[in-house]
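Here is a short set of exercises to work through with the structure open beside you. Try each task before reading on to its solution.

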Amino acid sequence: MAKDAQNTPPGECPQCWQHAHDRRIHRNQPRGECPLCVDHMVNGHPYTVPKKKSSWW
């Protein structure tokens, strides 16, 4: 089952989440050779889904 960026849990990077859970993205690429993933690993996460603030008080 594919997950899209809109289903990314709080605190996670949408690109990492999608690339980890959608097999179609890497189907035609040699293992470990996705240019988007390599660039993302080198340059870091430009955006993460904000976490909800805890309101237990």
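**Exercise 1. Placing H40**

In which helix does H40 lie? Decide also whether H40 is buried or exposed, and list what H40 is in contact with beyond its neighbours within four places in sequence.

*Solution.* Keep in mind from the start that this is a predicted model.

- Step 1: H40 lies in helix α2.
- Step 2: The relative accessibility of H40 is 8%. The cut-off for buried is under 20%, so H40 counts as buried.
- Step 3: With neighbours within four places in sequence left aside, H40 is in contact with C13, Q15 and C16, and also with H45 and P46.

**Exercise 2. The overall picture**

Describe the chain as a whole: how many helices and strands are there, and what percentage of the residues count as buried?

*Solution.*

- Step 1: The protein chain has 2 helices and 0 strands.
- Step 2: The chain has 57 residues, and 18% of them count as buried.
- Step 3: Turning to the surface, the chain exposes about 5100 Å², with carbon and sulfur atoms supplying 53% of that area.
- Step 4: Take the contacts between residues at least 6 apart in sequence; 44% of these join residues at least 24 apart.

**Exercise 3. H19 and the packing of α1**

Find H19, work out its surroundings, and then say what the buried residues of α1 pack against.

*Solution.*

- Step 1: H19 belongs to helix α1, which covers residues 14-21.
- Step 2: H19 has a relative accessible area of 12%, so this residue is buried.
- Step 3: Not counting residues up to four places away in sequence, H19 touches I25, H26, C34, L36 and C37. One of these, H26, also makes a polar contact with H19, side chain to side chain, at 3.2 Å.
- Step 4: For C34, compare sequence and space: H19 and C34 are 15 residues apart along the sequence, while their C-alpha atoms are 9.5 Å apart.
- Step 5: H19 is joined by P14 and W17 as the buried residues of α1. Together, the buried residues of this helix pack against α2, residues 35-43.

**Exercise 4. Testing the cysteines**

How many disulfides does the model hold? Check C13 and C34 in turn.

*Solution.*

- Step 1: A disulfide needs two cysteine sulfur atoms within 2.5 Å. By this rule the count is 0 disulfides.
- Step 2: C13 is in no disulfide, and its nearest cysteine sulfur, that of C16, is 3.9 Å away.
- Step 3: For C34, the closest cysteine sulfur is in C37 at 3.7 Å, which is too far for a bond.
- Step 4: Now look at accessibility. C13 is buried, at 4% relative accessibility, and C34 counts as buried too, at 6%.
- Step 5: Finally, follow the chain from C13 to G44, in the segment after α2. The two residues are 31 apart along the chain, and their C-alpha atoms are separated by 9.9 Å. G44 counts as partly exposed, because its relative accessibility is 26%.

**Exercise 5. The salt bridge**

Which side chains meet in a salt bridge, and is each partner buried or exposed?

*Solution.*

- Step 1: The structure holds 1 salt bridge.
- Step 2: Its partners are D22 and R24, whose side chains meet at 3.0 Å, N to O.
- Step 3: Side chains of opposite charge can pair when their charged atoms come close.
- Step 4: D22 counts as buried at 7% relative accessibility, whereas R24 counts as exposed at 55%.

**Exercise 6. A nonpolar patch**

Which residues form a nonpolar patch on the surface? Then look at V42 in particular.

*Solution.*

- Step 1: The patch is formed by V38, M41 and V42, and together they have about 320 Å² of accessible area.
- Step 2: V42 is placed in helix α2.
- Step 3: The relative accessible area of V42 is 66%. Exposed means over 50%, so V42 is exposed.
- Step 4: Set this beside H40 from the first exercise: H40 also lies in helix α2, but H40 counts as buried.

Technical notes: Residues numbered from 1 in each chain as written. Predicted model: local features only at pLDDT ≥ 70, side-chain atom pairs only at ≥ 80, totals over all residues. Heavy atoms only, no water. Helix = DSSP H or I, 4+ residues; strand = E, 2+ residues; numbered from the N terminus. Buried < 20%, exposed > 50% of the residue type's maximum accessible area, 1.4 Å probe, protein only. Polar contact = N/O pair within 3.5 Å; in protein donor to acceptor, adjacent residues only side chain to side chain. Contact = heavy atoms within 4.5 Å. Salt bridge = Lys/Arg side-chain N within 4 Å of Asp/Glu carboxyl O. Patch = residues over 30% accessible without salt bridge, like charges linked within 9 Å, V, L, I, M, F, W, Y side chains within 5 Å. Areas by Shrake-Rupley, 256 points an atom, 1.4 Å probe, with all protein chains shown as cover.
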